[in-house]
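Student: I'd like to take a close look at one part of this structure with you. Could you walk me through a single strand and then its wider setting?

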Amino acid sequence: MFNNFPLFPREASSVAGQVDALYFLLLAISGFFAVTISLTIVAFAVKYRRRHALEVGAKIHGSTALEILWSAVPLAIVMGIFVWSSVIFIRISRPPRDAMDIYVVGKQWMWKIQHPDGRREINELHVPVGQPVRLTLASEDVIHDFFVPAFRVKADVVPGRFTTLWFEATKPGRYHFFCAQYCGTEHSGMIGWVDAMTPEDFQAWLAGGAGESLASSGEKLFQELSCNSCHRPDSQGRGPVLDGIYGRPVALEGGGQVIADDSYIRESIVDPQARTVAGYQPIMPTYQGLVTEEGLLQLVAYIKSLGTTGQPTPTPGAPTATDTPHPTPK
Amino acid sequence: MADAQAHAQDLEPTALQHQFDSLEQQFDASVLGMWVFLVTEIMFFGGLFMAYIVYRTWYPDSFAAGSHHLDVTLGMTNTMVLIASSLTMALAVWAGQQGNRFRQVLFLGLTLLFGFAFLGIKAYEYWEKFQDHLVPGPNFVWDGPGNPHAVQIFYSLYFAMTGLHALHMVVGAGIMITLLVMAARGRFTRQWSTPLEIGGLYWHFVDIVWIFLFPLLYLIERHV
Amino acid sequence: MDAIDATLPPPVNYLNAQHGIKSWLLTRDHKRIALLYLFGITFFFVLGGIFAALIRLELLTPAGDLMEAETYNKMFTLHGVIMIFFFLIPSIPATLGNFLVPIMIGAKDLAFPRINLLSWYIYMVGGLFTIAVIVLGGVDTGWTFYTPYSTAASNTHVVLTGLGVFITGFSSILTGLNFIVTIHRMRAPGMTWFRLPLFIWSHYATALIMVLGTPVIAITVLLVAAERVLHLGLFDPKLGGDPVLFQHLFWFYSHPAVYIMILPAMGVISELVAAFSRKAIFGYNFVAFASLAIALIGFLVWGHHMFVSSQSVYAGLVFSFLSFLVAIPSAVKVFNWTATMYKGSISFQAPIMYVFGFMGLFLVGGLTGLFLASVGLDVHVHDTYFVVAHFHYIMVGGAIMGFQGGLHYWWPKIFGRKYPEGWAKLAALVIFVGFNLTFFPQFLLGYLGMPRRYYAYPPEFQVLNIMSTAGASVLAIGYLIPAIYFAWSLKYGELAEANPWGAKGLEWTIPSPPPTYNFEETPVITEPPYNYTPEFVASVTAASRPEVELG
């Protein structure tokens, strides 16, 4: 029993060291205050113990200088911690631009993982070391949470929206991931393994079982659902042209604009009327319930793939309403 | 609410209660108690207002669409009825301070009448919505503009907010009846009319809540 | 000891003024209502404790072998619901607060005695709903009721539990309302705001939170129940709703609720530190305003429960900042308590042992709060056993330790009997040791990455879990000892004088147990609180038993 008794988690991601450094700093500060105050209390208790029954304490009522001192010093300390922890948080929250995408769907009670080129796995996540990985997380049912202790990252997986989580594994190895948000009976069974591999091993693994790529699954779905009858590549459809739209600003009906990112594309499928593209009628029906979360991820991957192949606009100039790649209304 | 009623009862006895030193202290405590209670009521409605703000921001068009299906005329009438009832309530409190029994009974009676009128109109509106399958739940049907889910959320909030308000009106009517009986028995004098004052505070509060509910629910995107 | 009986208890007091069960169930005496509450919360503490014991037993081994996963989920849900809504929130305010708030300000009763009794009945009705839930098969959402699990997925008694929480919330609102009005309007002549004992200040701050926060949770659980029955879609993304909105509404109350639990304990500690140091509280104004500051800033930090819930990075930073701010008034209190002991005259009687226990555990609980407020670090420890350990250090180590200290301090006043001092000190030690053994390993478990609410876990977490379970059994013994000697003391305990500790405070100027209306005539206050003088001490010790004071 005692041969497997860790007291500290492994450090296996680029942020783990930074989080641990803050942790140790906080341990030091807390330890210092806890020990100092406790010893002071013990010292006072012994030194000023009651010597005879009629003794009373000294007439001391306070000291404003001391109050200011012991408000200001802790305030300064915690503000320092705040700044440091915020810097780490911003780093954890912002995936690098060159991050590799992997799609994760949580459902009661398993994790389904899809790699862009088609490899799928359940409760296992293979990633290369030394390469930032961005997970796009979706849930089929209730809130889950994807948590990799060795990487010091977690994110809630909230139904009805995409959330993201990124990390860069630094050491090859197998690390637990957990569901950290209570999700029902088998919550504690939603455990899996991250398999961090050297890039070569990872490529070999990817090649080992590659099926249909995510984008082509999405393309099939796109046709099955007859999306292509309105969203046509030739700007004659009743819906906006989707080629090259991914990641670009889109002018909205009624003013304003939005970047056509994963979340906006998802929303446009499940709640099309929420933010209609300028110049189009709000005629698209909702596909809520008709497409699974995995299907949504495939569709997003497909539309994303169009962004790299289509390129209908000649120059990606300043993002104004006029140069967004949409036809004028019919 | 039940506690409001219990609260009103707690303030009812004319004699000085054992825990107070003077009638003045007793009166001050009762009034403060009612104000604190009304603060809790604001927070109670506050949760619903918060939900309303979030979803109206998310679904402005669907909320407008849902709102357009509400009957502004009835809503406006109800607003007028409640404002009138606030006036008669204020007059009843004034009559209490004068110790005028007839006016107390008259104005409390009118207030009660307006209260019932409001509830009647509200019940009719609910019935209409029921006929139109606009009561959220399995039988909810919406084929107007907007996202049906979002319109259902609008109607959920509509029923939650107006329903909670109507519940307060029902409790208020109970308080009015109690006060009416007390007034008819001549319990309120120039020296002591605390329950009238406290009941008045409650009634005005319930009116004010409606003054917020009416534009938020009925008047979305209505440009006359 | 029999020799001093002559000075002792008044023939008629609030306990024996009336007889029969009816005289208790219809009483409007705040002291009797306090005892009714004491009965209620003790029952629910035992119930919640049994669930805790079962949880710890299940976690002894990595595999799930004692019960089904579903049963385990019900255990931790009921443990949380009962301990928070039916034990911790009413614990100090409804018992010690109810008993002492009127007496400490020189009043005969609370402003609204009938509302006070009503609040107890409401509490019991809410409790009956919860017991019904247990009998009918339980509830498995966690005490946090997160949507859409609670509204769309769980097939347990969520609605009934929600109603229980909703109803009992009103008892909390009414208690808060009563305290606010009483403290504003019922103070005796000369009892100015800055002559109030700090126990009153902390109860005033607590009452503000009860009044402002509780209605929000009430409406929120009501919406959850409505959504569950009617599928309104308010919190269900499949119907266009936002599950995260629920979390905002929930934590808007439930974070301040933590301060409902800890502030009254802080008030107790202030009283005890002063009494056992025979010295005025250092920095009275700062301690008093710290309570208000905690109550007010406490309403602005709820988002720190949601750092990883997909709220924006910006919101995360703001809530992190505010969470650090709320740490300052707590720190100020600890510093002032420590400074109060400087040049005091400290006697080591049982209640101060609980104060020392509180200080040690609250320090750890408070300082680990800084870890969780650090948003970059919270991402890792959020929803792990680190959080579980942290809030148990605050709620059990802080609130219950404070409650126990207060109970030991005022027990002679409440019942007119003393408990065996040696056993009380032993219990304090056992609780302190057992508590640390139970919950300190959970910090390590949390940083290792063990998520909370896990029924089964990977084997590398086992050793720490065994330590925790072992500690829990020590802790259970620690709680059993006082239960036994307190019960024993009711009948066999030595009779208590009016002021057994030689303490200042209006409650010690009246007999033990007090008469029904507390004061024969309204007291007039002419001095600041905690005004210990040699003359005062000489007068009270002479009045009681000068021969044994030197122990």
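Student: Is strand E5 (residues 132–139) of chain A largely enclosed by the rest of the structure or exposed, and why?

Tutor: Happy to, keeping in mind that this is a predicted model. Strand E5 of chain A is largely enclosed by the rest of the structure, because six of its eight residues are buried; a residue counts as buried here if 20 or more other C-beta atoms lie within 10 Å of its own. Now to the pairing of this strand. Strand E1 (residues 100–107) of chain A runs parallel to E5(A), and seven bridges join the two. In that pairing, Met100(A) stands opposite Val133(A). E5(A) also pairs with strand E8 (residues 163–168) of chain A, this time in the antiparallel sense, over six bridges. There, Leu135(A) of E5(A) has Leu165(A) of E8(A) opposite.

For the wider setting, let's turn to where chain A meets chain C. The contact draws 78 residues from chain A and 88 residues from chain C. On the chain C side, helix H10 (residues 313–341) gives the largest share, with 14 residues. By type, that side of chain C holds 54 nonpolar, 25 polar and nine charged residues.

Chain C also offers a nice geometry check. Helix H4 (residues 113–136) of chain C has 24 residues, so at 1.5 Å a residue a span of 34 Å is expected, and the 35 Å between its end C-alpha atoms agrees with that. Just after H4(C) comes Gly137(C), with a positive phi of about 130°.

Terms used: Residues are numbered from 1 along each chain as its sequence is written. Chains are lettered from A and ligands numbered from 1 in the order in which they are written. This is a predicted model: local features need pLDDT of at least 70, side-chain atom pairs count only at pLDDT 80 or more; totals for chains, interfaces and linings use all residues. Helices (H or I, at least four residues) and strands (E, at least two) are DSSP runs, numbered from the N terminus. The expected span of a helix is 1.5 Å times one less than its number of residues. Two residues are in contact if their C-beta atoms, placed from the backbone, lie within 7 Å. Ala, Val, Leu, Ile, Met, Phe, Trp, Tyr, Cys and Pro count as nonpolar, Asp, Glu, Lys and Arg as charged, and the others, Gly among them, as polar. A residue is buried if 20 or more other C-beta atoms lie within 10 Å of its own, exposed if 12 or fewer, and partly exposed in between; C-beta atoms are placed from the backbone. Two strands pair if DSSP finds at least two bridges between them.
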